[in-house]
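The following report describes selected features of a single structure, moving from strand pairing to salt bridges and then to the nonpolar interior.

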Amino acid sequence: MRRWILFGVFLAPWLSPSVLAEVFDLSGLKWTLKNRNGTIQIPASGPPSQAHLDLMNSGIITEPLLGVNDFTERWVVDENWTYSADISPFLKSDAFRNAKQTLLVFYGIDTIANITLAGHPVAWVNNQFRQYIFDVSNMLDTPKDNQLVVALESAWAYGLNVTARPDAEFFPNGNGVRTMDNFEYPGVRQWIRKIASDFGWDWGPAFVPSGIHKPAYLVTLASPSGSKESSGTPPISPGKGGADSSSPIFIEESSIDIYKLGQSFSVAPDESADWFVNVSLALRSSTQFKGTSLTLSFPELGIAKKFDTGPVNATSPQAGAPWVNALWRIPDSVPQRWYPHNLGTPKLYNMSSTLVLQSPSSTETVSFTTLTGFRTIQLVQAPYTDADVRQQGITPGDQWHFNINGKAFYALGTNIIPFDPFYARTTTDQVRWVLESAVKSGQNMLRIWGGGTYQPSDSSIAGGVYDFYSICDELGILAWSELIFSDSLYPINEFLLDSIEPEVRQNVRRVNKHPSNAQWAGGNEIEGIVTTVFVTLFQDFLQGIVSSETRSVPYTDCSTTNGVLSLDPYVLRLNNGTPGEIYGNSERYNYDATQAFNYSTFPVSRFVNEFGFHSMPSFYSWEEVLTSSEDFSFNSTVVMSRDHHPPAGNLNFPNPNAPQGQAQMTEAVQTWLPAPSTADSNRTFAQWCWSTQVFQNLAMVSQIAWYRHGAGQGENNLGALVWQLNDIWQGYSGDGRLFSPVIIYPSGPPNETLEVLIISDPDMYDWKGQALSTSHHLPDFSSECETRGPMISVYRSNDFTFTLSAKGGVAPWTWVDHPAGTVGVFMDAKTGLPSNGFYLVPGIDRTRQYAYFCTTIMMLTDYLVRFELNAALSSVKHPNAEDFVVKSLWNNTHI
């Protein structure tokens with residue numbers, strides 16, 4: 001069935017998805033997918049989709065995440081896939097017959113494609129991160145056939161071909177110089193404007209998908225009709241609004257940038273200065289308008305202003321959309337400010353916009369509403385003053401921290417990677433669940449990793465597919481944004497730069513309206529590969545593009561950086577530093593588990609944007625993807641094949657380096673915890689899974705404590721972002737959720753005096769549950785601990801509240817596991833805070849306790865734990881409370 005969306009003006013992509021023009025949603029066409037030689041030809045879903053998903057829906061392949069399908073389905077990567085659709089329903093429509101212009105709109109194509117329409121070539125495209133809009137009026141006036149064809153080239157094959165060009169810059173590794181990291185498909189990703197982790201990473205698979213991964217439309221522009229239309233309040237998905245006529249106007253892009261008078265990339269905001277609301281609209285028009293005006297208002301604040309935005313000319317097929325602009329000055333005291341949730345209220349306002357266009361024959365009026373907010377965000381990189389050094393004990397060097405609304409704050413958070421290997425099937429429910437978990441665990445900042453994708457505003461803006469920034473705005477969580485460059489030098493051939501510039505401009509403009517956006521970083525982990533090529537791209541090229549499109553957020557060249565020598569002109573510090581001084585930010589990865597709690601190995605840094613240690617997923621997560629009972633073993637072939645840490649670096653399978661990653665986790669558990677070993681192989685495997693997560697948590701809490709402790713030390717550390725928040729598949733990763741308002745931790749190098757800093761007043765107990773004095777000697781965690789069976793008692797209620805108590809000894813790291821097919825969170829039934837992985841002490845009946853056992857500190861929560869089911873994400877909607885499993889580390893060696 002064809003799907004029509006009747007609106008007055010197409011507000012695409014960054015105002016309202018509820019396009020106010022007469023629009024034909026291409027997902028309503030009859031699509032076909034076929035391979036290069038035609039041996040596979042199957043029905044396909046319309047955009048958004050990707051070849052793997054359509055092949056799976058047709059039974060050609062099974063779910064890509066099952067078993068070793070990331071290996072057995074590599075043939076899909078090698079193929080060229082073609083999507084085609086019959087556009088006859090559109091050609092027979094009144095909308096097309098009455099149109100003065102017709103536009104073909106793709107909000108995303110993954111990635112290398114030739115597009116033809118009605119037998120005419122439209123374009124060759126090569127950038128997953130761009131929107132493409134083509135005037136196809138002339139092609140449809142003289143159709144040769146009734147087909148829309150998107151012929152996709154294998155990104156892997158394209159990469160091999162483009163790197164063979166005689167003008168291709170090549171950066172070989174060798175002689176102690178690292179110019180790129182190869183994970184699975186080697187040597188090509190830096191040549192392709194595509195999600196870098198699609199080619200493999202050390203925490204995920206390499207499916208290298210292809211398809212039309214975002215929505216696509218045909219848009220008709222009519223003659224002026226004197227209509228007045230309204231889009232309502234975004235987000236409105238296509239098909240949920242309405243109008244009774246089409247329009248001559250298509251709003252192709254918009255930018256809403258809110259900043260302080262005088263603020264710029266190199267000038268810090270004056271917090272008492274007036275606000276500027278800078279609204280820019282890119283208009284395609286089928287008609288010349290002698291005059292236009294734009295009226296902006298914030299109804300909640302009772303303020304409005306009208307702006308004369310000048311004439312708009314009819315857009316020719318070859319020309320880009322001209323821009324109209326309004327710059328509104330608002331006194332500082334009028335709006336309330338947006339804050340992260342733990343620092344204030346994330347206040348948002350509806351901004352109403354009315355665009356009036358006058359032609360000789362009629363007046364067109366379009367209204368739309370945008371949700372936005374007022375805040376200043378600054379990345380402070382100025383040197384500490386001599387007074388700071390003398391009076392506060394600050395170590396000399398440069399600052400590196402964020403200010404929100406003029407105040408420094410501690411950034412607590414994690415890193416975000418793609419939510420699914422296949423962008424087209426990511427859902428808002430899935431993303432909201434992850435972002436809400438970040439807020440519940442005390443985080444105020446998420447870093448959008450530069451090897452993934454530009455996250456969307458919401459599902460209906462620029463074909464976003466799912467909501468992201470709009471949820472961050474709502475929940476009050478800052479989003480550190482990055483341009484999509486990661487772990488490699490990138491060539492600066494003109495044919496690449498010509499594609500990168502509109503990519504960056506489009507995404508910066510789209511994100512401008514979101515107060516949650518904290519900054520734009522040029523990429524991930526590249527500054528250390530210092531060459532003139534790096535400086536040209538990240539200092540000279542990208543910074544200028546970003547700073548020309550926004551005045552409200554900062555730019556920095558790289559996620560991990562030594563900072564700057566100057567902001568105006570923009571000059572990177574690189575290796576130009578004074579010994580003993582501290583610059584920029586840092587990260588830490590040390591996979592020697594014996595050093596996990598040795599603080600002398602931790603960085604002394606102003607801000608740490610990545611640190612982590614890998615672990616296994618839960619037993620129930622493995623149940624979703626393991627297909628044989630023989631696979632449920634720590635070192636089974638299938639389980640090890642999903643350990644990509646360290647990565648193979650090539651297409652060898654199974655990963656020849658997996659034993660190294662397995663050994664790192666094994667050493668961690670054996671060094672610090674009771675090594676799992678029982679007579680039941682499944683239980684032993686489940687305990688191994690849990691134990692690697694316990695160690696990961698211990699190691700991350702230790703580092704978080706150290707970095708937060710640094711806020712009062714010479715480094716004045718003001719940020720710690722754990723690697724990582726979410727997973728892309730059921731495999732090994734650095735996934736962790738770890739923040740708490742209370743800091744309690746031990747410190748000290750091995751074989752030296754153990755120093756314990758506790759910011760609280762906890763009681764302490766031995767393994768028998770007997771109270772200890774604070775001067776009591778505390779032995780090493782596992783091997784020296786004399787434990788006693790905890791004899792855990794569990795009472796299960798129908799509302800999934802679990803009452804737990806230890807009747808014997810202390811139950812260390814007690815946890816409740818929800819059954820396969822359910823997604824949810826365990827909450828402390830009395831405090832409402834997330835709670836799982838806790839200690840139970842016999843005879844203790846207080847609401848909250850803190851306990852220190854051996855060298856491990858954990859919060860002892862209530863005995864009442866409640867499971868909150870996320871029904872939208874759960875395949876099992878009504879689980880049985882008896883299927884929830886309760887265990888502790890005691891079960892590592894006891895059934």
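Which residue in S47 is the bridge partner of Met827? In this model, which is predicted, the bridge partner of Met827 is Arg866. The two strands concerned, S43 and S47 (residues 864–869), pair in the antiparallel sense over five bridges.

**Sheets and hairpins**

The pairing of S43 with S47 belongs to an open sheet of four strands, whose order is S40-S41-S47-S43 and whose pairing is antiparallel. The edges of this sheet are taken by S40 (792–796) and S43 (824–828), and because each of them has a single partner strand, one side of each is left without a neighbour in the sheet. On average, and with direction ignored, neighbouring strands of the sheet are turned by 25 degrees against each other. As a matter of background, strands of a sheet pair through backbone hydrogen bonds, in either a parallel or an antiparallel manner.

Another antiparallel pair is made by strand S31 (residues 564–567) and strand S32 (residues 570–572), which are joined by three bridges. These strands form a hairpin with two residues between them, and Leu567 stands opposite Tyr570 of S32.

Strand S9 (residues 112–117) contains Ile115, which counts as buried at 1% relative accessibility. Ile115 and Val125 are 10 residues apart along the chain, and their C-alpha atoms are separated by 8.0 Å.

**Salt bridges**

Side chains of opposite charge can pair when their charged atoms come close. A search of the whole structure finds 25 salt bridges, and three of them are set out below with the distance between their closest N and O atoms.

| Salt bridge | N to O distance |
|---|---|
| Arg329 and Asp274 | 2.9 Å |
| Glu610 and Arg447 | 2.8 Å |
| Glu868 and Arg866 | 2.9 Å |

How many residues apart in sequence are the parts tied together by Arg329 and Asp274? Arg329 lies in strand S20 (residues 323–330), whereas Asp274 lies in the loop between strand S16 (249–260) and strand S17 (275–285), so the pair ties together parts that are 55 residues apart in sequence. Arg329 counts as partly exposed at 45% relative accessibility, and Asp274 likewise counts as partly exposed, at 22%.

The salt bridge between Glu610 and Arg447 joins strand S34 (residues 608–611), where Glu610 lies, to strand S27 (residues 445–448), where Arg447 lies, so parts that are 163 residues apart in sequence are tied together. Are these two residues buried or exposed? Glu610 is buried, with a relative accessible area of 3%, and Arg447 is buried as well, with a relative accessible area of 0%.

Arg866, already introduced as the bridge partner of Met827, meets Glu868 through its side chain in the remaining salt bridge of the table. At 24% relative accessibility Arg866 counts as partly exposed, and Glu868 is also partly exposed, with a relative accessible area of 30%. Elsewhere, Glu253, Glu501, Arg505, Arg509 and Glu549 are linked in a network of salt bridges.

**Nonpolar cores and helices**

The largest nonpolar core has 69 residues, of which Phe402, Met445, Phe468, Trp520 and Leu542 touch the most other members. Helix H12 (residues 532–549) supplies the largest share of this core, with nine residues. A second, separate core of 60 residues includes Leu626, Ala668, Val669 and Tyr839.

What span should the 18 residues of H12 have at 1.5 Å a residue? The expected span is 26 Å, and the end C-alpha atoms of H12 are 25 Å apart, which agrees with that value. The helix nevertheless has a kink of about 35 degrees, centred on Leu542, a residue that is also among those touching the most other members of the largest core. The buried residues of H12 include Val533, Phe534, Leu537, Phe538, Phe541, Leu542, Ile545 and Val546, and among them are also the polar or charged Gln539, Gln543 and Glu549. Glu549 is, in addition, one of the residues in the salt-bridge network.

Helix H16 (residues 681–709) contains Val701, which is partly exposed with a relative accessible area of 27%. Val701 and Val722 are 21 residues apart in sequence, and the distance between their C-alpha atoms is 9.7 Å.

Key. Residues numbered from 1 in each chain as written. Predicted model: local features only at pLDDT ≥ 70, side-chain atom pairs only at ≥ 80, totals over all residues. Heavy atoms only, no water. Pairing = 2+ DSSP bridges. Buried < 20%, exposed > 50% of the residue type's maximum accessible area, 1.4 Å probe, protein only. Axes fitted to C-alpha atoms, helices over the stretch in contact; angles between N-to-C directions. Core = buried A, V, L, I, M, F, W, Y, C linked by side-chain atoms within 4.5 Å. Salt bridge = Lys/Arg side-chain N within 4 Å of Asp/Glu carboxyl O. Expected span 1.5 Å × (residues − 1). Bend = angle between axes of the 7 residues up to and from the residue.
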